[in-house]
Amino acid sequence: MFKWRRGTVGKMNIFTKVMIVIVLMLIPIIVMYNYSNKTSTRVVEQELLQINLNRIRFFVAQMDVEADRLWKAAFVVAVDPDTLQMQFRSSSEPDYTLLASKRLLLQKLDMQSTSFEWVNDFTVYSPLSGVAVSTNLKQNYDEEYFKDASQEEWDYRVIEMDRGLEKAFVRALTTPFESHARREKPNLYVEVTFTSDNLVKMLESFMQGSDGQPFLYRPGFEPILPRGHDPELANAMVKQFDLIREQYPTEGSANITFQDEPYLVNYVTSESLGWYMVDFQPMKKVLAPIDHSKRMFYAAGLLLLLMGIASAALLYRNVQKPINDLIRAVKSLRRGAYDHRIKRGSPNEFHYLIDQFNLMSEDIETLIDKVYAEQLHAKESSLKHLQAQINPHFLYNNFAFIQSMAQLERTKVIVAFTQHLSQYYRYTTRTGQQWTSLSEEMDLIRNYLEIHRMQSERLQVLEQIEDGMLSIPMPRLLLQPVVENAIVHGMEGRIGEFQIVITGRRTEEGWELIVDDNGVGMRQEELEALKRSLLLQSEDDRSLGLRNVHQRLKHCFGQASGLRIEHSKLGGLRVTLMMTDGGDFGVKDSDR
């Protein structure tokens with residue numbers, strides 16, 4: 001959004017400092033909050049662990065108390081006189097007597113059964129008499145049924161009940177109590193049974209107000225689940241629990257990641273039933289308020305950061321940017337770009353400084369233009385003086401050529417040569433007129449090139465000027481230095497035919513005159529040095545004439561005008577004179 005800039009002396013700017021201060025203010029806040037959040041989460045986990053573990057212990061205690069009460073009731077039933085009489089009943093007794101005894105015992109069993117919260121069944125069976133009395137009227141009780149009866153612990157198996165086959169916990173008491181040796185052939189069985197639905201209801205009650213996933217589990221048996229619990233999910237939890245209970249067999253807790261979600265697992269073993277009460281508590285839901293608070297904090301922090309960035313942006317726009325604009329403008333003035341102006345932005349305290357700087361730049365540019373105009377007038381005066389002089393070297397070569405032609409008695413060549421020479425000097429020595437047309441300038445160029453071509457027949461000239469361009473106005477002797485530069489520096493050192501192509505064409509901005517040659521050319525570093533010399537006060541003989549042409553073009557046709565020097569497709573150099581329509585063509589008639 002914003003660039004990180006450094007000041008003129010390598011120091012950080014105001015915007016950078018403000019952003020660093022904002023970040024440094026937010027870092028300790030975020031660190032402290034993260035520490036506080038982790039501490040809160042740890043405390044919540046510990047409290048949740050303790051609370052949930054106590055709830056499970058209380059649940060298991062209730063379950064054990066009810067199971068123990070049922071088991072103790074079996075002892076009460078076993079010592080009941082009517083129960084003891086069952087051992088001595090004989091099949092020879094009258095039916096009504098046996099039925100009355102069984103009915104009386106069944107009433108007592110019903111009373112015992114209904115005194116408990118759990119749905120249960122009591123059964124009395126005497127192997128001696130073969131008589132069985134039970135509150136469960138569906139199950140068939142005989143010696144085969146009690147063959148695998150368990151007295152030491154509760155057995156979990158499927159039995160026939162009023163609603164069909166159901167899974168139930170079964171435990172059988174045998175008499176006599178004092179004779180362990182006779183247990184293989186006991187006198188009496190007192191069986192207590194309660195279905196797993198009792199535990200399911202307790203689990204459902206345990207789940208109220210909790211997001212946990214409780215179940216009862218014992219290795220080798222299917223887990224007892226609340227209604228609506230997914231069996232596949234329970235089986236997957238059982239596999240996770242099997243890994244946990246290996247470390248702490250009786251009770252414990254652990255933090256695990258199950259199905260990409262964190263869970264707190266608590267479990268307690270039932271001493272009466274021998275089953276585990278397991279509860280998978282999803283931490284995501286438990287810690288949802290803390291996570292919500294965390295998100296709100298980060299949202300507030302982000303809002304504060306955005307507000308800080310907005311404040312820093314306002315500071316950057318209203319303070320730092322105007323300062324940077326002033327710094328860049330001062331650097332531009334030092335580089336010589338006196339036409340540089342600072343654009344005014346939104347109203348602020350820097351408007352006065354910016355306006356005063358623009359006025360100062362405008363005054364400096366005006367003074368520089370005046371000084372440059374005076375320098376240009378001085379150069380024009382010097383040019384008029386130079387035009388009045390005759391180039392001795394050029395003149396000596398011409399006289400030597402005329403002398404050699406006279407000795408060879410080539411009168412026609414001498415006549416043609418002197419005509420071109422006289423027309424050339426008549427144009428160059430005319431000091432009163434500073435503006436001319438392209439047509440007259442091309443006549444000068446033709447005479448100049450014809451003089452050289454008559455002395456060296458390897459010179460070839462080609463003109464490609466668009467129609468309508470010959471009438472455009474231009475300063476005198478503007479094209480001649482460029483052509484002379486091509487002859488002097490391009491033709492010398494080249495063997496064979498030397499070509500000069502002069503092209504004139506109209507552009508969107510104005511006109512262009514292009515001089516191409518196939519001379520020796522220049523290396524790239526020399527070409528770059530020549531381009532730079534056009535802007536410097538250099539006294540290099542090769543660049544002096546081209547630099548004067550470049551400055552005259554800019555003064556007469558505007559800053560977009562000037563010389564463009566590059567490599568030519570012919571092999572030498574290409575020099576382009578660019579003249580824009582913004583030039584001052586309001587030339588006095590006396591100058592035409």
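Trainee: Which strand is joined to E5 by eight bridges, and in what sense do the two run?

Mentor: Good place to start, bearing in mind that this is a predicted model: local features need pLDDT of at least 70, side-chain atom pairs count only at pLDDT 80 or more, and totals for chains, interfaces and linings use all residues. Residues are numbered from 1 along each chain as its sequence is written, and side-chain values use heavy atoms, with hydrogens and water left out. Helices (H or I, at least four residues) and strands (E, at least two) are DSSP runs numbered from the N terminus, and two strands pair if DSSP finds at least two bridges between them. The strand joined to E5 by eight bridges is E4 (residues 164-175), and the two run antiparallel.

Trainee: Which residue of E5 stands opposite Asp121?

Mentor: Strand E1 (residues 120-126) pairs with E5 in the antiparallel sense, over six bridges. Val170 has Thr193 as its bridge partner in E5. The residue opposite Asp121 is Thr193.

Trainee: How many residues of strand E5 are buried?

Mentor: Buried means under 20% relative accessible area, exposed over 50%, and partly exposed in between (1.4 Å probe, protein chains only). On one side Leu188, Val190, Val192 and Phe194 are buried, and on the other Tyr189, Glu191, Thr193 and Thr195 are too. E5 (residues 188-195) is largely enclosed by the rest of the structure, because the buried count is eight of the eight residues.

Trainee: Which residue forms a salt bridge with Glu191?

Mentor: A salt bridge is a side-chain nitrogen of Lys or Arg within 4 Å of a carboxyl oxygen of Asp or Glu. Glu191 counts as buried at 1% relative accessibility, whereas its partner is partly exposed at 22%. The closest N and O atoms are 3.6 Å apart, and the partner is Arg157.

Trainee: How many residues apart in sequence are the parts that Glu463 and Arg446 tie together?

Mentor: In this salt bridge the closest N and O atoms are 2.9 Å apart. Glu463 is partly exposed at 33% relative accessible area, and Arg446 is partly exposed at 34%. Glu463 lies in strand E11 (residues 459-465) and Arg446 in helix H11, so the parts tied together are apart in sequence by 17 residues.

Trainee: Which helix holds both Glu528 and Lys531?

Mentor: Their side chains meet in a salt bridge of 4.0 Å, N to O. The two residues are three apart, about one turn of the helix, and that helix is H13 (residues 524-533).

Trainee: Which helix gives the largest share of the largest nonpolar core?

Mentor: A nonpolar core is a set of buried Ala, Val, Leu, Ile, Met, Phe, Trp, Tyr and Cys residues joined through side-chain atoms within 4.5 Å. The largest one has 54 residues, and Leu449, Leu553 and Leu563 are among those with the most contacts inside it. Eight residues of this core, its largest share, come from helix H11 (residues 438-455).

Trainee: What span is expected for helix H10?

Mentor: The expected span of a helix is 1.5 Å times one less than its number of residues. H10 (residues 411-428) has 18 residues, and its end C-alpha atoms are 26 Å apart, which agrees with the expected 26 Å.

Trainee: What percentage of residues 296-316 is helix?

Mentor: The unreviewed UniProt entry lists this stretch, along with residues 12-35, under "transmembrane region"; such annotations may be inferred rather than shown by experiment. The end C-alpha atoms of residues 296-316 are 29 Å apart, strand accounts for 0%, and helix for 100%.
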